[in-house]
Structures are given as structure tokens and as C-alpha cells.
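Visitor: Could you pick one spot in this model and give me a close look at it? After that, feel free to wander outwards and show me what else is worth a stop.

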Amino acid sequence: MNQNSLKSVVLVGGGHTHALVLNALKDAPLAGAHVTVINPGSTAPYSGMLPGFVAGHYTREELDIDLAALTAKVGATLIDGRAVSMDPQQRKIGLEDGRTLSYDLASVDVGITSRMDGLAGFVEHGVPAKPLADFSAKWDSFRSSAGIKHVAVIGGGIAGAELAMAMAFALRNHAGPVSVKLLDRSQILSANSAKAQARVRRALGENGVEVLEGIGVAAVTANGVTLADGRSLDANFIVGAAGATPHGWIADTGLDLKDGFIAVDQSLESSSSGVFAVGDCAHMTYNPRPKAGVYAVRQAPVLLRNLRNALAGAPLSHYDPQADYLKLVSLGGKRAFGEKMGIGLAGSLVWRLKDKIDRDFMKQF
Ligand SMILES: Cc1cc2nc3c(=O)[nH]c(=O)nc-3n(C[C@H](O)[C@H](O)[C@H](O)COP(=O)(O)OP(=O)(O)OC[C@H]3O[C@@H](n4cnc5c(N)ncnc54)[C@H](O)[C@@H]3O)c2cc1C
């Protein structure tokens with residue numbers, strides 16, 4: 001088929017859903033379409049293995065999904081860049097470098113950011129936990145440098161706690177002063193079950209993580225953090241892990257949003273026909289779920305089917321998110337806590353199960 005008669009399908013972001021869609025195209029290409037992927041960098045980290053990478057259990061190669069290899073295998077184009085605008089009327093996407101791409105169908109899977117723009121000094125001195133690629137690179141360089149290591153993690157949700165334990169574990173043999181603090185303005189792990197809270201609190205203690213609760217952070221400085229009560233804590237690696245913030249450019253797309261996330265219906269389609277949104281950047285209006293990789297993964301077959309159906313002019317399929325899923329939390333060393341339907345277990349066997357699930361996930365690529 002002539003390249004010009006092909007429809008243009010643009011996948012914005014190399015998040016988990018898009019990586020799986022690309023992978024599935026190896027077996028059955030999208031008929032009548034050319035696929036373009038926009039992502040900053042040629043790889044995207046797999047979130048399940050991020051705490052293990054931070055702790056030193058996995059290498060960067062093991063953590064990363066190779067988007068360049070995937071796109072090459074399926075004849076798609078990978079653009080190393082960042083989308084900064086989308087005009088659903090003109091069906092155009094603008095890139096940071098000034099280029100513009102036209103699309104017939106588009107899907108957005110750009111994740112979220114943990115950048116704390118409202119916190120004084122964070123943009124200059126803080127490291128957001130998301131996007132994962134930027135965080136991983138900064139952690140790698142901090143971990144391998146010599147000298148004092150004072151880490152402060154702002155936000156005591158499960159991701160903040162998991163990262164704090166992983167960092168403390170990685171630094172346990174560091175020659176020089178080390179401290180890891182987990183800061184929360186209310187109580188840590190407040191969204192988790194009592195069982196998870198108790199087990200993770202114990203593991204934080206075992207890893208030497210100091211927990212400071214009920215006190216907000218007023219500012220981040222070049223030397224650490226200033227607390228709301230005026231105290232200062234020394235820190236030279238300050239991680240933002242409080243909340244999920246949508247990427248700012250999405251607000252100007254004109255798409256219907258919910259709290260800044262792209263509102264999608266059961267077909268994963270936004271308010272603009274032919275524009276889909278998946279993963280953390282989407283809000284499933286019909287059945288809101290927490291931001292978790294498991295939903296991004298399960299959305300992939302539905303998104304792929306709907307791209308095919310939309311190209312063929314066929315009705316779209318629906319995605320029904322599961323109510324509960326197996327939550328697996330690494331506890332620093334090669335131990336993990338797992339919980340599903342109120343049943344919780346911890347130990348090295350659970351870590352081995354998590355390791356197997358994560359390695360199997362990566363093997364498919
Ligand atoms: C420490 C930590 C541990 C976690 N552990 C788990 C876990 O064990 N299980 C679980 O289910 N969830 C976990 N999560 C949540 C999980 O990370 C997310 O739910 C998951 O990554 C969402 O995937 P996604 O498809 O939305 O895209 P993401 O994985 O967020 O990827 C988005 C991609 O889009 C790219 N991008 C960003 N902006 C642009 C742009 N403007 N243009 C183009 N590309 C762009 C990014 O570089 C990235 O490659 C964890 C999160 C954290 C922080």
C-alpha cells in the first residue's frame with residue numbers, strides 16, 4: 001500500500017499500555033495504518049521493577065522496555081521527543097522541538113508527574129519519583145557518587161515508603177554518613193490496609209528509615225528541607241512522592257478532563273472521537289480506579305482492539321477494570337509484602353513470586 005494512503009496512528013508516550021500494544025503488533029500489524037510513537041528516550045522503565053532497581057537487585061537494562069527495538073520490529077516510527085500540545089480539531093500534535101504531527105487516530109499514555117510545583121524550591125532541588133526514567137537516572141548518579149548521603153522522601157504513600165526502603169537498602173554499605181527519612185504531613189500509608197501498614201512500618205524500621213509524620217514540608221533548599229515548624233533537615237537527595245499530578249500540557253488540549261486527567265469512557269476514548277487515553281494519565285469516568293500499572297497493562301488488549309475497530313469503522317469494545325488486584329510491595333532487601341482480598345503475606349517467597357511475575361512481564365518484549 002502507498003505510504004500516503006495509510007492512516008496515521010500516533011501513540012503519545014511509551015507507557016505500559018503502548019509498549020504492550022506495540023509488542024502485540026509483532027504478530028498482527030495494524031492494517032492500513034502507520035504507527036508513530038513519541039517518547040522522550042528510546043526506552044521506558046517498567047514500574048514493577050523500579051524499587052528493585054533502586055535497591056540494586058536489577059540493572060538498568062533489566063528495568064527498561066526497549067521501545068526502539070519494539071518499534072523497529074513492527075515497522076513503526078519512534079520519535080525521541082516530548083509532546084507539548086494536541087489540537088483535536090486540527091488532529092495535530094505539537095512536539096517540544098517545534099515539529100507537528102498529524103494523526104487520524106491518537107492515544108495518550110504519558111503517565112503522571114510527582115513534580116511538586118507548589119512547594120518552594122522543589123523544582124530547583126527536588127527529584128520527582130515520576131516520570132520513572134528521569135528519577136532512575138538521577139538516583140543512579142547519586143548512588144554511585146562518593147560522600148554524604150542524606151535522603152528525604154516527601155510523601156508517605158506506598159510508593160514513597162517502597163522507594164525509601166529501597167534507597168536505604170542500596171546505601172546500607174555506603175562508606176560515609178547515610179540517612180533516609182520519610183516525611184508525611186499526616187500519617188504514612190493512610191490509604192493502605194491495617195495489615196499492610198503494620199508490615200511496611202516494621203520493614204521501614206528494619207531498613208533504618210526514619211519516619212516523620214504530622215508535619216508538612218515548607219520548602220526545599222540546596223541543603224535539605226525546611227519543615228512547617230521551622231526545623232531544617234539536611235538532605236542532598238530529596239524525592240517527591242506525594243500524589244499524582246497530570247502533565248500540564250494536557251489542560252490545554254480541549255479534551256474533557258477530570259482533575260486534569262483525560263476523561264475516557266468504557267472504550268478508553270476521550271471526548272474527541274479517535275483520541276484514546278490510557279494508563280495513569282486517563283480517568284475512567286465510568287469506574288474510577290487508583291493509579292496503578294496493573295490497569296495500564298490490562299487496558300492494552302482493549303486499546304489495540306479499538307484502534308483496529310476504529311480503523312475499520314467497527315464498534316468499539318469496552319474495558320471493565322477489575323475491582324481488586326494482587327498488590328506487591330518490595331521491602332528493601334529481597335523480601336516483599338503481598339496482599340489480595342484482605343489476605344496479606346510477607347517474606348522472601350513473596351519477593352520471589354514478585355520477581356517471577358516481573359521478569360515474565362519483561363520477557364515478552
Ligand atoms: C516507586 C513506584 C513503584 C510502583 N510500583 C507499582 C507496582 O508494583 N505495581 C503497580 O501496579 N503500579 C506501581 N506503580 C504505579 C505505576 O508506576 C504506574 O501506574 C504505571 O507506570 C502507569 O503506567 P503508564 O502506562 O501510565 O505510563 P508510565 O509508566 O508512567 O510511562 C509514561 C511514559 O510516557 C513518557 N512521557 C511522559 N510525558 C511525555 C510527553 N509529553 N510526550 C511523550 N512521552 C511522554 C514517559 O517518559 C514514559 O516513558 C509504582 C509507582 C512508583 C512511583
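**A lysine in a loop, and outwards from there**

Guide: Let's start at Lys 334, which counts as partly exposed because it has 16 C-beta neighbours inside 10 Å. Bear in mind that everything here comes from a predicted model. Lys 334 sits in the loop between β22 (327-330) and β23. Set aside the neighbours within four places in sequence, and Lys 334 is left in contact with His 57, Ser 348 and Trp 351. Val 350 is another residue to check against Lys 334: the two are 16 residues apart in sequence, and their C-alpha atoms are 9.0 Å apart in space.

Follow β23 (336-340) along and you get to the loop that leads to β24 (343-347), where Met 341 is found. Have a look at the backbone there: Met 341 isn't a glycine, yet its phi is positive, near 45 degrees. Most residues other than glycine have a negative phi. Met 341 has 9 other C-beta atoms within 10 Å, so it is exposed.

Now hop over to Leu 268 for a contrast. Leu 268 is not a glycine either, and its phi is also positive, about 70 degrees. Its place is the loop between β19 (261-264) and β20 (275-277). But Leu 268 is buried, because 25 other C-beta atoms lie within 10 Å. While we're on backbone oddities, go to the peptide bond joining Lys 130 and Pro 131: that one is cis, with omega about 0 degrees. Pro 131 belongs to the loop between β10 (126-128) and α6 (132-144).

Another loop residue worth a click is Asp 104, between β8 (100-102) and β9 (105-108). With 16 C-beta neighbours inside 10 Å, Asp 104 counts as partly exposed. Leaving out neighbours within four places in sequence, Asp 104 is in contact with Lys 7, Ser 8, Val 9, Arg 91 and Gly 274. Take Lys 7 from that list: 97 residues separate Lys 7 from Asp 104 along the chain, but their C-alpha atoms are just 6.0 Å apart. For the chain as a whole, 65% of the contacts with a separation of 6 or more are between residues 24 or more positions apart.

Time for a helix. In α4 (residues 67-74), the buried residues are Leu 67, Leu 70 and Thr 71. Looking down the axis of α4, these buried residues fall within an arc of 95 degrees, so they line one face of the helix. That fits the usual pattern: with 3.6 residues a turn in an α-helix, residues three or four places apart point the same way. Covering the buried residues of α4 are, among others, α1, β2, β3 (43-45), β4 (64-66) and β5 (77-80). Right after α4 comes Gly 75, with a positive phi near 70 degrees.

Zoom out again, and you'll see the chain divided into domain 1 (3-112 + 246-312) and domain 2 (122-244). Their C-alpha centres lie 30 Å apart. Where they meet, 16 residues of domain 1 are in contact with 14 residues of domain 2. On the domain 1 side, β3, α2 and α3 (60-63) each supply at least two of the touching residues, and α2 has the largest share, with five residues. That side of domain 1 divides into nine nonpolar, four polar and three charged residues.

And then there's the ligand. Both domain 1 and domain 2 give residues to the shell around the ligand, so it lies between them. The shell has 36 residues, and the closest are Gly 13, Gly 15, Ser 47, Gly 111 and Gly 279. By type, the shell divides into 18 nonpolar, 12 polar and six charged residues. Elements that each put in at least two residues are α1 (16-24), β2 (33-39), α2 (50-55), α7 (158-170) and α9 (293-312).

Last, step right back to the entire chain. Its secondary structure adds up to 10 helices and 24 strands. The radius of gyration is 21 Å, close to the 21 Å the globule rule gives for 365 residues, so the chain is as compact as a globular protein of that length. Along the principal axes, the C-alpha atoms fill a box of roughly 65 × 40 × 40 Å. Of the 365 residues, 44% are buried.

Technical notes. Residues numbered from 1 in each chain as written. Predicted model: local features only at pLDDT ≥ 70, side-chain atom pairs only at ≥ 80, totals over all residues. Near = placed C-beta within 6 Å. Helix = DSSP H or I, 4+ residues; strand = E, 2+ residues; numbered from the N terminus. Nonpolar A, V, L, I, M, F, W, Y, C, P; charged D, E, K, R; others polar. Domains from an automatic or database assignment. Rg over C-alpha atoms; globule rule 2.2 N^0.38 Å. Buried ≥ 20, exposed ≤ 12 C-beta atoms within 10 Å, placed from the backbone. Contact = placed C-beta atoms within 7 Å. Arc of directions from axis to C-beta.
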